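Me: Please go through one part of this model closely, the ligand site, and describe what is built around it.

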Amino acid sequence: MCDQWKEEFEYAVQVARAAGAVIRKAGECEIKVQTKSCAVDLVTQTDDRVEKIIIGSLKEQFGEGTHCFIGEESVSKGKPCVFTDKPTWIIDPVDGTTNFVHGFPFVAVSIAFAVNKKLEFGVVYSCIEDKMYKARKGHGAFCDDEQIQVSDVKDINKSIIISEHGTDRSPEKVSKIFSTMQKILRIPVHGLRGSGTAATNMCLVACGASEAFFEIGIHCWDIAAGVVIVREAGGILLDVDGGEFDLMSRRMVSANNKTIADRIIKEIEIFEVVRDDAEI
Ligand SMILES: O=P([O-])([O-])O[C@@H]1[C@H](O)[C@H](O)[C@@H](O)[C@H](O)[C@H]1O
Ligand SMILES: [Mg+2]
């Protein structure tokens, strides 16, 4: 029983590695860029192609009927984002599409697996750095073959905090995001960072390079795999108001411990976002 989902986990690692190789290769050629929700929400043929490769191989391996799939590009093409109790794969084929387009060297493949709406494992392949982060519930978190752990810093003044500004540039949201960042900088913290991929940001918390990453506006596919990796590395997940973390809410604080999370939460200026599972 304790080895349940081991086969799926190991296969996800293989698929993520193969997907990462496709992304690296595509980055060597000319990249054709299109936009989705707005002028700065970028997508490329590689995002589509890699999602098809990942979902195709998972369906072939585990059968189409029993498993469900939530993939960033399928949802952006109109597939409903419905999270049920069935075994569900949650996939971001290219997390950090803007980085990919610009050759900014942080791009990740993110694959998570949930059953009964509980995340069982997560795989984040940071494919330019060639680092494979992975975790299965109850089995620890790893970067390649080394077990990783969150930092033990409790003093916010000795922390590095990660956040991102996303693609919604409405004046009210941008001003809240930057007001929050100013307040956090002034605590003061040692530094504020952002890699341009939420999945990688979470792995940076999991391996102790940063004490916390928070964002409002991320999607479930950006963070689902990272959630398991942070938890298994000893970290915590909370909502931006300090309540329980909800994968579909598009709001998240991941941190090494509750002291750091609570201190960050005090400064976050919350704004409204539409849930991933909202009926449109
Ligand atoms: O679009 P994408 O590159 O897959 O994902 C984005 C990245 O994770 C970015 O770091 C985060 O700030 C955005 O909220 C995400 O949408
Ligand atoms: Mg993403």
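Reply: Domain bounds here come from an automatic or database domain assignment. For the protein chain, that assignment gives domain 1 (6–148) and domain 2 (156–265). This is a predicted model, in which local features need pLDDT of at least 70 and side-chain atom pairs count only at pLDDT 80 or more, while totals for chains, interfaces and linings use all residues. Residues are numbered from 1 along each chain as its sequence is written, and chains are lettered from A and ligands numbered from 1 in the order in which they are written.

Start with the site. Ligand 1 is surrounded by 15 residues, where a residue counts as near if its C-beta atom, placed from the backbone, lies within 6 Å. The closest are Thr-97, Glu-164, Gly-166, Ala-198 and Asp-222. By class, the shell holds two nonpolar, seven polar and six charged residues; Ala, Val, Leu, Ile, Met, Phe, Trp, Tyr, Cys and Pro count as nonpolar, Asp, Glu, Lys and Arg as charged, and the others, Gly among them, as polar. Ligand 1 lies between the domains, because both domain 1 (6–148) and domain 2 (156–265) give residues to its shell.

Asp-222 also appears in a record: an unreviewed UniProt entry carries the annotation "binding site" for Glu-72, Asp-92, Asp-95 and Asp-222. UniProt positions are given in the numbering used here, feature names are shortened, and annotations may be inferred rather than shown by experiment. These annotated residues are spread over 151 residues of sequence but cluster in space, with a largest C-alpha distance of 9.4 Å. Glu-72 sits in helix α3 (residues 72–76); helices (H or I, at least four residues) and strands (E, at least two) are DSSP runs, numbered from the N terminus.

Next, the two domains on either side of the ligand. Their C-alpha centres lie 20 Å apart. Across the boundary, 36 residues of domain 1 are in contact with 24 residues of domain 2, contact being C-beta atoms, placed from the backbone, within 7 Å. On the domain 1 side, β3, β4, α4 (97–102), β5, β6, β7 and β8 each supply at least two of the residues that touch domain 2. Strand β6 gives the most, six residues. That side of domain 1 comprises 21 nonpolar, 10 polar and five charged residues.

Several of these strands belong to one sheet. It is an open sheet of seven strands with mixed pairing, in the order β3-β4-β5-β6-β7-β8-β9; two strands pair if DSSP finds at least two bridges between them. At its edges are β3 (68–71) and β9 (146–148), each paired on one side only. From one strand to the next, the twist averages 20°, with axes fitted as lines to C-alpha atoms, for helices over the stretch in contact, and angles running from 0 to 180 degrees between N-to-C directions. Strands β7 (residues 131–136) and β8 (residues 141–143) run antiparallel and are joined by three bridges; Tyr-133 stands opposite Cys-143 in β8. Helix α1 (residues 6–26) packs on the sheet and touches β4 (88–95), β5 (108–115), β6 (118–126) and β7, with its direction at about 155° to that of β5. Helix α6 (residues 198–206) also packs on this sheet, touching β4, β5, β6, β7, β8 and β9, and its direction makes about 100° with that of β6.

A second open sheet has five strands, ordered β11-β10-β12-β14-β13, again with mixed pairing. β11 (191–193) and β13 (236–238) stand at its edges with a single partner strand each, so one side of each is left without a neighbour in the sheet. The twist here averages 20° from one strand to the next. Strands β12 (residues 212–216) and β14 (residues 251–255) pair in the antiparallel sense over five bridges, and Ala-212 has Ala-255 in β14 as its bridge partner. Helix α8 (residues 258–265) packs on this sheet, touching β10 (160–163), β12, β13 and β14; its direction makes about 140° with that of β14.

One backbone detail remains. Ile-187 and Pro-188 are joined by a cis peptide bond, with omega about 0°. Pro-188 lies in the loop between α5 (171–185) and β11.

Methods. Two residues are in contact if their C-beta atoms, placed from the backbone, lie within 7 Å.
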